[in-house]
Amino acid sequence: MRKFFILYSFLAVVLLFSCTASSEKRSDASGILSDSTAVIQETPGDGDRQFLVEVGDQAPDFTMELPDGSHVTLSSLRGKVVMLQFTASWCGVCRKEMPHIESRIWQRHKGNPEFALYGIDREEPAEKIRELIEATGVTYPIGMDPDAGIFGLYAEKSAGITRNIIIDREGKIVMLTRLFEEEEFERMVETIDSLLGS
């Protein structure tokens, strides 16, 4: 019983300190993460989600480059319901959530001209994004955020991912999520359906 408690405590501590997504922590890991397929996990913390925006705020505008060289500007999507998903190849929670986003949201609404979904990959090159797409099987577009500048408009740069931002047709934030929790994910699906009237 004692061995189980020690093992459980150790795993809890390891999971608590992983997937913080700070550039410093990843670079301190001797560069191994940037060149490998290491996946970091995270567990829910104390409820401090480290967002810099709130529900009801106007979503900060940005322009993002996609791996194919095209660009998208958030304000150009005004009039649509928009979902932004902050992700990275090294984030295990992201990898777990992405197939659910693909099947439960993207496949249902990708043909709707009033909906837009973009993944935003933190601090990784196009090759890593392509690897992430292949590993997760997603088909929704994922853009690059090489210096976490876009992420920094929405959350503290030291904050972790996965996180989603749901934006209404007027460009206002209507929902913020953190990590992948089934109940919260279901609320997000329902929110998107409601905004789209489906």
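## Strand pairing, and the overall picture

Two strands count as paired when DSSP finds at least two bridges between them. Keep that in mind here, since much of what follows is about who sits across from whom.

What you're looking at is a predicted model. The chain has seven helices and seven strands, and along the sequence they come in the order α-α-α-β-β-β-α-β-α-β-α-β-β-α. Of the chain's 198 residues, 45% are buried. Take the contacts between residues at least 6 apart in sequence: 71% of them join residues at least 24 apart.

## Strand β3 and its two neighbors

Start with β3, residues 81-87. Seven of its seven residues are buried. In a regular strand, side chains alternate between the two faces of the sheet. For β3, one side carries Val81, Met83, Gln85 and Thr87, the other carries Val82, Leu84 and Phe86, and both faces are covered.

β3 pairs with two strands we can name. With β4 (residues 115-122) the pairing is parallel, over seven bridges; with β6 (residues 163-167) it is antiparallel, over five. Met83 is a handy landmark: its bridge partner in β4 is Leu117, and in β6 it stands opposite Ile166. Further along β3, Thr87 has Asp121 as its bridge partner in β4.

## Strand β4, boxed in

How many residues of β4 are buried? Eight of the eight, so this strand is largely enclosed by the rest of the structure. Phe115, Leu117, Gly119 and Asp121 point one way, while Ala116, Tyr118, Ile120 and Arg122 point the other. Notice that the buried set includes Asp121 and Arg122.

β4 also pairs with β5 (residues 142-145), in the parallel sense and over four bridges. There, Arg122 of β4 stands opposite Asp145 of β5.

## The helices that link the strands

Now for the connections. β3, helix α4 (residues 92-109) and β4 form a right-handed β-α-β unit. β4, α5 and β5 form a right-handed β-α-β unit too.

The helices from these units also touch each other. α4 packs against α5 (residues 126-136) at an angle of about 60°, with the axes 9 Å apart, and the crossing is right-handed. On the α4 side, the contact involves Arg95, Met98 and Pro99; on the α5 side, Leu132, Ala135 and Thr136. Sorted by class, that contact has four nonpolar residues, one polar and one charged.

Terms used. Residues are numbered from 1 along each chain as its sequence is written. This is a predicted model: local features need pLDDT of at least 70, side-chain atom pairs count only at pLDDT 80 or more; totals for chains, interfaces and linings use all residues. Side-chain values use heavy atoms; hydrogens and water are left out. Buried means under 20% relative accessible area, exposed over 50%, partly exposed in between (1.4 Å probe, protein chains only). A crossover is right-handed if, with the strands pointing away from the viewer, the path from the first strand over the helix to the second runs clockwise. Axes are lines fitted to C-alpha atoms, for helices over the stretch in contact, and angles run from 0 to 180 degrees between N-to-C directions. A crossing is left-handed if the near helix is turned anticlockwise from the far one by less than a right angle, and right-handed if clockwise. Contact means heavy atoms within 4.5 Å. Ala, Val, Leu, Ile, Met, Phe, Trp, Tyr, Cys and Pro count as nonpolar, Asp, Glu, Lys and Arg as charged, and the others, Gly among them, as polar.
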